[in-house]
Amino acid sequence: MASTVFNGTNLLIKIADDAGSPATIGHTTSCSISFTNDMADATTKDSAGFSEVIAGLVSAEITFDGLMDYTDANGGKEISHKLLTRQKCDFTFGTAATGDTIYSGEGFISAAEITGSMEEATTYSGTITVTGAITESTN
């Protein structure tokens, strides 16, 4: 059954090498997906002084943060490796609950950061810039 209001802990990002089988990114503490529809100007002399637009290109970006663990097979170290080797990756974004909406597609790691502060857990963050179409489906 689809989730109603749910705990953000249940929201997962999974990635894999291109054409691979996505696995959950390890030790994440937060994640988000952002969709953008670029608006193309469609204003003419007939617009009576008002701006008019039409829907243009659709794009998306996924951001995430987590705790760094070098032994994690799909964590901060792997995210950095995918960026440095310019690998395209497959992703899914959503919960594991039956009936919930998930988003999937392909993208590139466009940013990766590992941060360590005195007497705090080392963290990592990353961004996936989506390339091509995004599929919206149900678990």
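Trainee: Is Glu119 buried or exposed, and how do I read that from a relative accessibility?

Mentor: Keep in mind that this is a predicted model. The cut-off for exposed is over 50% relative accessible area. Glu119 comes out at 78% relative accessibility, so it counts as exposed. You'll find Glu119 in the loop between β6 and β7.

Trainee: What about the phi of Glu119?

Mentor: The general idea goes like this: most residues other than glycine have a negative phi. Glu119 isn't a glycine, yet its phi is positive, about 60°.

Trainee: Which other residue should I look at for a positive phi?

Mentor: Try Ala48, whose phi is near 55°, again positive in a residue other than glycine. Ala48 sits in the loop between β3 and β4. With a relative accessible area of 60%, Ala48 is exposed.

Trainee: Let's turn to the sheet. In what order do the strands lie?

Mentor: Follow it across as β2-β1-β5-β6-β7-β4-β3. That's seven strands in an open sheet, with antiparallel pairing.

Trainee: Which strands stand at the edges?

Mentor: Those are β2 (23-24) and β3 (28-41). Each has a single partner strand, so one side of each has no neighbour in the sheet.

Trainee: And where does helix α1 fit in?

Mentor: Helix α1, residues 76-84, packs on the sheet. The strands it touches are β1, β4 (53-67), β5, β6 (101-115) and β7 (123-138). Compare directions and you get about 90° between α1 and β6.

Trainee: How many bridges join β1 to β5?

Mentor: Six bridges, between residues 12-17 of β1 and residues 88-94 of β5, and the two strands run antiparallel. To see one bridge up close, go to Asp17: its partner in β5 is Cys89.

Trainee: Now the aromatics. How many aromatic pairs are there, and how do I describe one?

Mentor: The structure holds two. You describe a pair of aromatic rings by the distance of the centres and the angle of the planes. Take Phe64 and Tyr124: their ring centres are 6.4 Å apart and their planes are at 65°, so the pair is edge-to-face. The cut-off behind that call is an angle over 60 degrees.

Trainee: Where along the chain do these two rings come from?

Mentor: From distant parts: Phe64 belongs to strand β4 and Tyr124 to strand β7, 60 residues apart.

Trainee: Are Phe64 and Tyr124 buried or exposed?

Mentor: For buried, the cut-off is under 20% relative accessible area. Phe64 has 1% relative accessibility, so it counts as buried. Tyr124 is buried too, with a relative accessible area of 3%.

Key: Residues are numbered from 1 along each chain as its sequence is written. This is a predicted model: local features need pLDDT of at least 70, side-chain atom pairs count only at pLDDT 80 or more; totals for chains, interfaces and linings use all residues. Side-chain values use heavy atoms; hydrogens and water are left out. Two strands pair if DSSP finds at least two bridges between them. Helices (H or I, at least four residues) and strands (E, at least two) are DSSP runs, numbered from the N terminus. Contact means heavy atoms within 4.5 Å. Axes are lines fitted to C-alpha atoms, for helices over the stretch in contact, and angles run from 0 to 180 degrees between N-to-C directions. Rings of Phe, Tyr and Trp (its six-membered ring) pair if their centres lie within 6.5 Å; planes under 30 degrees apart count as stacked, over 60 as edge-to-face and the rest as tilted. Buried means under 20% relative accessible area, exposed over 50%, partly exposed in between (1.4 Å probe, protein chains only).
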